[in-house]
Amino acid sequence: MKDLISYIAKALVDQPESVSVEEIVGNNTNVLELSVAKSDMGKVIGKQGRNAQAIRTILSAASGKARKRYVLEILE
């Protein structure tokens, strides 16, 4: 899942080298923390949060197949 989010985020931003994804493993839920350059924050979030919501939808579909729950947090 970490690689999936990283791949999607790098395709959206102007500075792909600044993209980093950290995974925090919990009992029932894994949290993926995405951080990008400040100038690319708007591109990842998108207008009215549409890009962020689309990424979360893809993550939800992929996590269902892996039978784990994942949550995406976009850090500033």
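Reader: In strand 2, which residue is the bridge partner of Glu23?

Author: This is a predicted model. In it, Glu23 has Leu32 of strand 2 as its bridge partner. That pair belongs to a wider pattern: strand 1 and strand 2 run antiparallel and are joined by 6 bridges.

Reader: How many strands form the sheet, and in what order?

Author: The open sheet is built from 3 strands in the order 1-2-3, with mixed pairing. Strand 1 (20–25) and strand 3 are the edge strands, each pairing on one side only. On average, neighbouring strands of the sheet are turned by 20° against each other, direction ignored.

Reader: Which strands does helix 3 lie across?

Author: Helix 3 lies across strand 2 and strand 3, and runs at about 155° to strand 3.

Reader: Where does the largest nonpolar core get its residues?

Author: The general idea is that nonpolar side chains tend to be buried together in soluble globular proteins. Here the largest nonpolar core has 15 residues. At least two residues of this core come from each of helix 1 (2–12), strand 2 (29–35), helix 2 (41–45), helix 3 (50–66) and strand 3 (69–75). Helix 1 gives the largest share, 3 residues.

Reader: Which residues have the most contacts inside this core?

Author: They are Ile5, Val19, Leu32, Leu34, Val36, Leu59 and Leu72.

Reader: What does Leu72 touch?

Author: Leaving aside residues up to four places away in sequence, Leu72 touches Ile5, Leu32, Leu34, Ile55, Arg56 and Leu59. Leu32, one of these, is also the bridge partner of Glu23.

Technical notes. Residues numbered from 1 in each chain as written. Predicted model: local features only at pLDDT ≥ 70, side-chain atom pairs only at ≥ 80, totals over all residues. Heavy atoms only, no water. Core = buried A, V, L, I, M, F, W, Y, C linked by side-chain atoms within 4.5 Å. Buried < 20%, exposed > 50% of the residue type's maximum accessible area, 1.4 Å probe, protein only. Helix = DSSP H or I, 4+ residues; strand = E, 2+ residues; numbered from the N terminus. Contact = heavy atoms within 4.5 Å. Pairing = 2+ DSSP bridges. Axes fitted to C-alpha atoms, helices over the stretch in contact; angles between N-to-C directions.
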